[in-house]
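Take a moment to turn the model around on your screen before reading on. This report then walks through it step by step.

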Amino acid sequence: MSYLRLRRLWKPSPLKRRYEVVIIGGGIHGLATAYYLARHHGIRDVAVLESQYIGFGGSGRNTAIVRANQRTVENVRLYEEGLKLWRVLTDELDYNLMFFNCGVLGLGHSEASVSAFRMLCNTHNFLGVKSELLDPQQCAEMIPGLDISDRLAFPVQAGLYHPPGGVVRHDAVVWGLAKGASAHGVHIHQGCEVQGIDTEGGRVTGVRTTLGPIGCKRLGIMAGGYGGAVAAMLGMELPIHPLTIQAMVTHPLKPFLHHVFSSGAYHVYANQTLKGEIATGAHMDPQVNYTNDATAYYLKHQAEALTELIPALRGVRFMRIWAGLADMTPDMAPIMEGNLGYDGLFLDAGWGYFGFKSGPVAGKYMAEYMATDERPAMLRAFQLKRFLENRYSGETAAAMKYGHWD
Amino acid sequence: MTAHRPGAVAAAADGSRPASPHRLPCGSTCRVDLSRPLSFDFLGRPMTGFAGDTVASALYANGVRIFSRSLKYHRPRGLYSIEGESATTYMAIDGVPNECAETTELRAGMSVRAQNVRGDPKTDRFGFIGAFERLMPAGFYYRLGHRPYSLWPLFQNGLRRMAGTGVLDPRREYRPGVRAERYLNVDVAVVGGGTAGMEAALAAAERGLRVCVFERRPWMGGHHAWRVREFEGKPLWQRASELEARVRATENVRVLTRSPVTGVWGENLVTGFTVGGDDDPFRECHWECRARTVVVAAGCMDRPLVFNHNDRPGVMQPGAAWRLARTYGVSPGKVAVVSVGDDLGLEAAVDLTRLGVEVRAVVDSRRRGHDPALLEELYDLRIPFRSRWSASRAKGGKHVTGCDVWGMSGIGPNSYTCDLVVANAGAQPRIGVLATVKAKLGYCRHTHSYQPVELPDDVFVAGSMTGLRDPGSITESGRLAGLRAAAFCRRQGTALDARRIGRAEPAGEAGPSSPGDNCPPALSAAIEKATSTLASRPGPVAGTGIFRGQGIGRGAKAFVDLDEDGTYKNVVESAAQGFDAPELAKRFGGFGLGPGQYRVTGQNLAMIMAAMGLDSGKATVPAPTTVRPPLVPPSLATLAGPPHDVHKRTPLHDEQTARGAIFRRMGPWERARYFSEDPSCRDEILGVRRNVGLLDSSPLGKFRIFGPDALNALQRVYISDMRKARPGRCMYSAMCNDMGQLMDDGVVVKESENGYYFTTSSARAGTTVEWFRYHTRYDGWDYHLVNITDVLGSLNLAGPNARRVLERVTRDDVSNDAFPYMGVRRITVGDGVEVRCLRLGFVGELSFELHVPSSYCQYVWGLLVDAGADFGMQPIGLEAQNCLRAEKGHIIIGAESEQRVILTDIGMGWMWDRRDTASKKVGAPALRACAEQPGRMKLVGFRVDEGSGSHRGDLEAAPGAQPGGGPGDGAVIVADGEVVGYVCTTRRSETLGWRYGMALVREEHAARGAGLNIYENLGSGRKSTCSATVVAPHFYDPRGERLRA
C-alpha cells in the first residue's frame, strides 16, 4: 500500500555552482514561484535558497486565513484567483492543504465602518466575489456567544460575511510546494543564507552565500519580511517597513467557532483551527524591527478584546504566542517587479500581512514574469513606481503609519 | 494557611488511621490537612478530598486512575506528571474546560469531568482507534482525504470533531469573580522560590534591594520541601521551611506563592499570575513586574523515559509518585518497578519503600555516577538494583499490571508484576525562563541538559537547574546570584547617577561577572567569598544522554509527546519524510505543540533527532527547539483583568442624557449621536435650518502654541500661509502628510505677538503635539504647545436664530457688524463667565462656537437652553451635524478623503500656499509634484436623478441604510464593467428636496454634468442601481449667505 510507504517530500540535492534561476527565500512565495517556473514554464534549473528551514518566516507564522474581500479592484481580482488555487494545488501536489472553506466574517463597530463595509460588499459583488452585509443578529447567529449588546465599548453594528474565504494549513502549503517543486527538479537548499548579490554590467550574475557563491541568470528576491534587507544588499531602499506581528493559540477545544471572524476596532481576528485551538492574531507592534519577539502586551490585549467580544472565552487559556515579520508598504499593497534596476532581478515583496493568502497566486505570476520577461497584466497595479508617482493603491482607506510619521 | 505548613498532619502520621485506603501517613512533609475534608464529585460520583489536595491528588486518593483519553488514539491516560507538565490530567472542572487537575487546588463542591471521552473514561467508545495506529503515520492527514476533493469536507468535519479536547459552552459565563492586575517595579525578580531562589532573595534584600519572588506552588522550598534526607544534621524539608520563614520575615522581599511566571519579556518584564487563596480579595491576579535584574532558579523536572506503553495509567514520573506520597499523603501504588536515570529517582525509590510501597526492582540507565549512599540504602532495604538497565515496556490494558526491563547491552527482558512503574530518563532543567530572556542555550555534555552559554548581563542563574544537586551548593549558588544581582543594580545605579550630573561613566567595564569599580568593597568581598565557597562544594553532577528504554523496537507505542500522541516511531517517520531537524519534526509531527508545549517533549525530541543524525553521520548535538511563552498557560479572564473601558465623557454628558441623547463611542469619547429614535434626524436637521440648535462639540481638539518660533512651527505643519492669521479672525487651514494627503483641518487664531490658539478635528486631538514635534524635530525651535482639549468644552449654537439666543446671555455686541463671519471674540456670558466665541459655519448656518472652561460648561449650557426655550431650541447630535455639513459640502477627513487622494484632489487646493518653499511645509513637495497629475481620483458632488432608481430586496433593513430608500454610503460607481469610484456620503435633503451626495471617482468621470451609475449589492438579493449627475459639492446655500447673516 503506497500510502504506508513514507518518502521524503523533497529530495536533498547537491549544491551546484550555477543555476538558471536562483530564488532567495524558501517560503510560500519562493517555493510557489519555483514550482510554477518548473511546472508551467519548463525552467527546472532552479535553486531555492533558505537561510533557516523552509517555512521558517511568515509562511509558518501566520494565522492561515485566506480571503479575497479586499478594497480595490486589482487586489480583489488577484486574491480571488489565489482562493481558487488552493483546490487546484491540493490536486496537483497530491498533498492535502486542508482548505477549510468556513467563510470570513468582519465585524463593524461604528457608523464609519458600516459605510466601509457597504463599499466593500458592493465592490465584491460587482466583481462577482460573494459578499454579504449582515446585521448584528445575523452575526451572533454565525459566531456563537458573540456579544451584540450595548455592554461593549464599541457595540457590533454590522458584519461583512465573505463565504469564499477560510483557513488553509500553512505548513502543508510550504511542504506541498516543496514536494511539487522538488518533483519537477528544483533544488531546495536549507541553511543557506545569502550575504551578497553580484552584478556585472547591469545584470545580476549571482549571489554570495554562507555555502559559497552561486551563479544565476535570474534572481528572485522573495524573502518575505526580509525582502527590504535583501534588496538593500544592492543599495536599493524600498518603501518597506518590517514590523513584528504576533499571533497566539489557546488550548484545543471541541469545534464551536465555525467561521473566521475579525474586528478592526478591537484589533483582533480569530478562528478555530482543525485541531481545535482558537488561533488569534493581533495588530502589529509599532516599532520597526527585524526581531521575532513576542510581547506580554499582546497576550493581554488579545485576551481583553476576545473576552469582550465573546465572553465565554474567559474559560480558555492561551497556550502559545509567537511573532513574525510583516513587510509593510505604505499602501498595504505589494511590490512585484521585474528587471528592477538590473536585468534579471525580480522582486516580490511588501506583502505585509497578506503574504500567506497570496503565496501561490503571486508565485504563479512571478514565474510567468521571470520566464517571459513580460509583466503580466495582473501585476500592473503593483509596480514600485507608484510610490514615486504618489499614486497609492487604495487598499486601506486611511494612510498607514509605521513606526514613525509617514 | 494552615494547610500548607509542613507537618500539618503530623498527628495523623503518628499511627492514627489514614483517611482512605489510598492515604499514607507521610508525616512532616505533608501539605494535606486530614481534619478538613472537602467533598466534590467526579462524573457525578461523590468523593472526598482534603484541604491542601489538588484535584489530581484527591482523585487519585479516591482510586481514580484514568483521568482522560488521549487526543489521537483515545488511549486511557492517568496521572503521569504532577505539575501540569503534560495534559493527561486536563479536565473539565466546574464546567471550565482544559483545567489542569495537577495544579488546581481542590475546593469544596467542585464538579470534575474527564475530557475527550464518550461516557466514562474507563469505557470510552473511541478506545478502539489506537488499534489503527499503523494507518496513522506522522503527518498522515496531509496525505489523506483529498482524493477525490469532493470527499474532503466530509473528512474535514470528521477531523474537526475528533480534534480538540475540552468543551466550551459559548453561552455560559466562565470564571466569574474578581480578576485583579498589579504592576510592580523591583530591583531583583526571583523566578522560583526553592532554596536557591530564597537564598538569592535574602542576599539581595540584605543589601537594601527590593525583591520579588515568584513561586508557582503554594509553598516554597522547591524539591527540598518534600525530601526527608538529612543535610548537615537537618532534614531538607525542615531546612527549606526555616529558610522560608526567614524570607517571609524579610521586609523588602515580596513573596508571591501560587504564582507561576508566564514569561520574562523585553527589558525584564516579568509576567505571571497569582491564584487567589481563601484570604485573597481576588480569584486571580495578573502581574507585570519590571525588574532591573532577574535571578532564574526555576529548578528541574523529570525528563521522560521513552518506552513502550509509557503512557499507561500507573506509569508515572518519579517526581509525581514521590510527591503524591510525600506532599499529598497518597499512595501511588502497591507494588512498583522503578527505572530512572538520576539520583533523585533513586532517592524517590528509597523513600517510597519507607512509606510502604513495595519496590520490586530499581534499574538505572546510567553506567556510573550513582550516589553510593543511596545504593547502600537500596541494598539495606533489599531492593534489587541494576545499573545500565531500563524499562522497555509497561504491560496491562487500562492500568499497569507489569513491566519489562532490559539491560542496555541487550540482555533481557526481566519481567515484573506491578501496579506502578516509576520512570524517568533523568532530570531536565526548566529552561523556559532562560529561553524567554534570550539566553543563548547550548547542550552541556556533562549534565546532558541545555545550559546558558551566554546570559544577558542582568540575568543570573542558580540552583539545581545548573546541574547542582548538593543542597549546600544549591543555596550557595543562590546566594552568589543574589549578590551579583545586587552588584549589578549598584553599578547601574551609580552609572545613572553619574549621567544625571553630566559625568557619563561607562558602566560595567569590568564585565558582567565581576562586580566592577562601583561595587562597595564589602559586596565585592561577599561575592568573592561566595564564589570560592561554591567552588569548594560539589559541582554539577553528571547527567545521562539516554532517552529511551532498551528493546523498544520500532517504538510504535513509545510516547515522546503524550499530549498529541507523538510516538518514537512518529519521529522516525517524520525524519523519513524529510523533517530531520527538531524544529521541522516538531511542526510536522506536532511534538510539543499540545498543552504541555515543549516542557515534556523538548529535550527528548532534540536528543532523538541528534541520535538519528549520529546514525547517518550528520550533526549530533541536540539543538533546542524554540520555547514559546506563556510558560504556564494563563486564562483569558485573568489576562483581560478587570474591565478596562476607559472612555471620556464630555462636560455636558449628563445634560444631554437628560435630554434623551443616544450615545455612541467615537474614538476615546462617548458622544451624543442622536436625540431621537429617528435615524434620519429630520427634526434635528430642520431645527437648525429653520430655527436654532445646540451641539456639544467638546471633543474638538484645542491647542495653544506660543513662543518665538510658534509661527515657524505653524508654517511647517499647516499648508496655508499662516502669517495671515491675525487677531480677531479665524483662519481656516489644513495639515497634510508627506504624501500631500489631508490629515487634519481646523482654525487658527492669533492671540498675541507669539501666541496662537488653534483647533483640530476630534480624532487628531491626541496626536497633534507629537505631529508638531516630529515635523520640527531637527529645527531646535523654541515654542510651547499645550493640548487644552479637555480643559475647554465646546458648544455650537447654530441656526438662523442663533444670534437672538446668544444675545440673551451676553451683553457683548454680537451683531453682524461687530462680530462678522469668521470672527473670534472673547465674550462674557451669564454671571461673568468669559468664553472664546468663534463665528464658524460648519453646518452651513449662522453659528457661534463657544469654547468654555470645562467646569463652566454645564452652567453655560443651562443659560443657552433657558434662553433658547422661547424659540423651541433643541439639542442636536453628531448625525444631524454630519447631514448638515454634507448638505453644505463640507468634508470630514476619512469620510471624503482617503489615501488615494491628496489635498488638491478634494477641492481644497486653494488653501495651499504654493509660493512658499522656505517653510518646508509638510506635504508641499508632494502637492507640487502631483497637483496637476492626470488620472487621479477626485471628490465630486452629485445629485441623484429623480426616478432613475430600481431596487430589489429589502435594502432598507440593511445596516447603514438610508431612510426612504436610495443608494447609501458606500455605494459604488461603475462604468464599463469596472468600479470607478464610490459614494462617500449621501442623504436625501429635506431642505433641498432632492438626494445629494459626495463621491470619490476617477478623474474621467468627475466633470460637472457627467453622469454616474451608482450600484449597490449587499448580498441576499439586495440590489439597487440609479443614476446621478455630477454637480458642484456645495448643495446648500452655495453662496454662503446664511453663514454671513
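What follows looks at chain A as a whole, then at its domains, its contacts with chain B, and finally two sheets of chain B. Keep in mind that this is a predicted model.

**Chain A as a whole**

Let us begin with the overall build. Chain A has nine helices and 18 strands. Its C-alpha trace spans about 65 × 60 × 40 Å along the principal axes. How does the radius of gyration of chain A agree with that of a compact globule? A compact globule of 406 residues would have a radius of gyration near 22 Å, and chain A has 21 Å, so the value agrees with that expectation. Of the 406 residues in this chain, 64% count as buried. Contacts also reach far along the sequence: among those in chain A between residues at least 6 apart, 75% join residues at least 24 apart.

**Two domains in chain A**

Chain A is divided into two domains, and each one is put together from separate stretches of the chain. Domain 1 covers 15–101 + 166–238 + 332–406, while domain 2 covers 104–163 + 242–328. Their centres, taken over C-alpha atoms, are separated by 27 Å. Where the two domains of chain A meet, 32 residues of domain 1 are in contact with 29 residues of domain 2. On the domain 1 side, α2 (73–93), β7 (166–167) and α6 (227–232) of chain A each supply at least two residues. Which of the elements gives the most to this side? It is α2(A), with four residues. By class, the domain 1 side has 14 nonpolar, 13 polar and five charged residues.

**Where chain A meets chain B**

Now turn to the contact between the chains. Here 82 residues of chain A are in contact with 91 residues of chain B. Several elements of chain A give two or more residues to this side, among them α2, α3 (111–126), α5 (170–183) and α7 (296–309). The strands β5 (132–134) and β16 (318–328) of chain A do so too. The element that gives the most is α3(A), with 12 residues. The chain A side divides into 45 nonpolar, 18 polar and 19 charged residues.

**Two open sheets in chain B**

The table sets the two sheets of chain B next to each other.

| Strand order (chain B) | Pairing | Average turn between neighbouring strands, direction ignored |
|---|---|---|
| β2-β1-β7-β5-β6 | mixed | 45° |
| β21-β22-β23 | antiparallel | 25° |

In the five-stranded sheet of chain B, why is one side of β2 and of β6 left without a neighbour? Strands β2 (45–51) and β6 (96–100) of chain B stand at the edges and each has a single partner strand, so one side of each has no neighbour in the sheet. Further in, β1 (residues 33–42) of chain B runs antiparallel to β2(B), and seven bridges join the two. To find one of these pairings yourself, look for B:F40, whose bridge partner in β2(B) is B:M47.

The three-stranded sheet of chain B has β21 (389–395) and β23 (414–417) as its edge strands, each pairing on one side only. Strand β22 (residues 402–407) of chain B is joined to β23(B) by four bridges, and these two strands run antiparallel. Here a pairing to look for is that of B:V405, whose bridge partner in β23(B) is B:N414.

Methods. Residues numbered from 1 in each chain as written. Chains lettered and ligands numbered in written order. Predicted model: local features only at pLDDT ≥ 70, side-chain atom pairs only at ≥ 80, totals over all residues. Pairing = 2+ DSSP bridges. Axes fitted to C-alpha atoms, helices over the stretch in contact; angles between N-to-C directions. Rg over C-alpha atoms; globule rule 2.2 N^0.38 Å. Buried ≥ 20, exposed ≤ 12 C-beta atoms within 10 Å, placed from the backbone. Contact = placed C-beta atoms within 7 Å. Domains from an automatic or database assignment. Nonpolar A, V, L, I, M, F, W, Y, C, P; charged D, E, K, R; others polar.
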